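Student: Please choose one part of this model and take me through it closely. I would like to know what surrounds it, and then how the rest of the chain can be read, residue by residue where that helps.

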Amino acid sequence: MHIFKEHKNEYIKTINQKLINNLRTSGLIKKNDDVLDFGCGIGIWDSEKSTSVFFHDLYLYDENIENLEFCKKKYPHYNILNNLNDNLHVNVIFVNSVIQYINTNDLEKLFDKFASILKNDGIVIISDIPKYSRILEYGLTFFSNFNLFKIQTRQLLSKSYRKTHYYLHSFDELIMLSQKKFTYSKNKNLDINSNRYSVLFKKK
Ligand SMILES: C[S@@+](CC[C@H](N)C(=O)[O-])C[C@H]1O[C@@H](n2cnc3c(N)ncnc32)[C@H](O)[C@@H]1O
């Protein structure tokens, strides 16, 4: 899947910083934790390691090779993964703005995969989950956040983005798909976008 690259956009930089700051202050990630950013895209983390680290180590994975190549240059001090092999074990898996591109069957399998990657007491933080269909959200964003509306307009004008499948996953569906391996709680509010929500899962 091709993602819409806006790495120079100042507004996106600001919202990414806010999100990372929300994560930092949430206390969900501890200083000794290893973190996997699943579906990392071109990276929302600060590229200056020294100023931004509130975890032990960071692993970035995406199915899109182009994004991984971008991240290798942006984050030479972190671990960029071409695949999720059985040797990887982390405390936290962070999944931001990704599950709307994954269908229900694959998502159920993904929860199993996450459980195998997580250490005991590990958590999955899934954030930026759309509450509404893409077109309804687009309309609502016009009123709630005009900067974001402009970005979504550029996305919708991009043919490759329009062709991407987009799946709405309700809170109840996520609970059902994850229940074999996880308990859940509604997350502290991490989301910058009021049309999105987040859920915290704890490994059973
Ligand atoms: C909208 S971007 C979000 C990127 C990043 N997490 C962020 O918040 O900016 C969605 C990303 O999910 C990745 N993705 C979608 N399905 C995936 C899958 N099954 N496995 C890994 N990455 C996936 C895409 O390649 C893309 O980079």
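Tutor: Let us start at the ligand, where a residue counts as near if its C-beta atom, placed from the backbone, lies within 6 Å of that molecule. What you see is a predicted model, and in it 15 residues surround the ligand, the closest being Gly 39, Gly 41, Glu 63, Asn 64 and Asn 96. Sorted by class, this shell consists of seven nonpolar, six polar and two charged residues.

From the ligand we can turn to the nonpolar interior. The largest nonpolar core contains 35 residues, and within it Ile 93, Val 95 and Val 124 have the most contacts. At least two residues of this core come from each of the strands E1 (34-38), E2 (57-61), E4 (90-96), E5 (118-130) and E7 (196-203), and likewise from each of the helices H4 (104-117) and H8 (171-178). Strand E5 contributes the most to this core, with six residues. As a general background, nonpolar side chains tend to be buried together in soluble globular proteins. Ile 93 shows how such a core is knitted across the sequence: with neighbours within four places left aside, Ile 93 is in contact with Leu 36, Phe 38, Phe 114, Ile 117, Leu 118 and Val 124.

Two of the strands just named also hold a charged residue that is worth a closer look. Lys 203 lies in strand E7, and this lysine is buried because 20 other C-beta atoms lie within 10 Å, where 20 or more is the requirement. Beyond the neighbours within four places in sequence, its contacts are Ala 115, Leu 118, Asn 120, Asp 121, Gly 122, Lys 181 and Phe 182. Gln 100, by contrast, is 103 residues from Lys 203 in sequence and 22 Å away in space, taken C-alpha to C-alpha. Asp 128 is placed in strand E5 and is buried, with 21 other C-beta atoms within 10 Å. Its backbone deserves attention too, since Asp 128 has a positive phi of about 60 degrees although it is not a glycine.

A positive phi of about 60 degrees is also found at Ser 97, again not a glycine, and this serine sits in the loop between E4 and H4. Ser 97 is partly exposed because 19 other C-beta atoms lie within 10 Å, and the label of buried begins at 20. Tyr 101 lies in the loop between E4 and H4 as well, and with 15 other C-beta atoms within 10 Å, Tyr 101 is partly exposed. The C-alpha atoms of Tyr 101 and Leu 58 are 23 Å apart, for a separation of 43 residues in sequence.

The next piece is a pair of helices. H5 (residues 134-144) and H6 (residues 146-157) pack at an angle of about 150 degrees with their axes 8 Å apart, which makes H5 roughly antiparallel to H6. On the H5 side, Tyr 138, Thr 141 and Phe 142 meet Leu 148, Phe 149, Gln 152 and Leu 156 of H6. By class, the residues of this contact are five nonpolar, two polar and no charged. Glu 137 also lies in H5, and its C-alpha atom is separated by 9.4 Å from that of Phe 149, twelve residues away along the chain. Apart from residues up to four places away in sequence, Glu 137 touches Pro 130, Tyr 132 and Asn 195. Glu 137 is partly exposed, with 19 other C-beta atoms within 10 Å.

Finally, consider the end of another helix. Lys 74 lies in helix H3, which covers residues 65-74, and Lys 74 is partly exposed, with 15 other C-beta atoms within 10 Å. Once residues up to four places away in sequence are set aside, Lys 74 touches Gly 43 and Ser 47. Glu 48 is 26 residues from Lys 74 in sequence, while their C-alpha atoms are 9.3 Å apart in space.

Technical notes: Residues are numbered from 1 along each chain as its sequence is written. This is a predicted model: local features need pLDDT of at least 70, side-chain atom pairs count only at pLDDT 80 or more; totals for chains, interfaces and linings use all residues. A nonpolar core is a set of buried Ala, Val, Leu, Ile, Met, Phe, Trp, Tyr and Cys residues joined through C-beta atoms within 7 Å. A residue is buried if 20 or more other C-beta atoms lie within 10 Å of its own, exposed if 12 or fewer, and partly exposed in between; C-beta atoms are placed from the backbone. Helices (H or I, at least four residues) and strands (E, at least two) are DSSP runs, numbered from the N terminus. Two residues are in contact if their C-beta atoms, placed from the backbone, lie within 7 Å. Ala, Val, Leu, Ile, Met, Phe, Trp, Tyr, Cys and Pro count as nonpolar, Asp, Glu, Lys and Arg as charged, and the others, Gly among them, as polar. Axes are lines fitted to C-alpha atoms, for helices over the stretch in contact, and angles run from 0 to 180 degrees between N-to-C directions. Angles under 35 degrees count as roughly parallel, over 145 as roughly antiparallel, 65 to 115 as roughly perpendicular and the rest as oblique.
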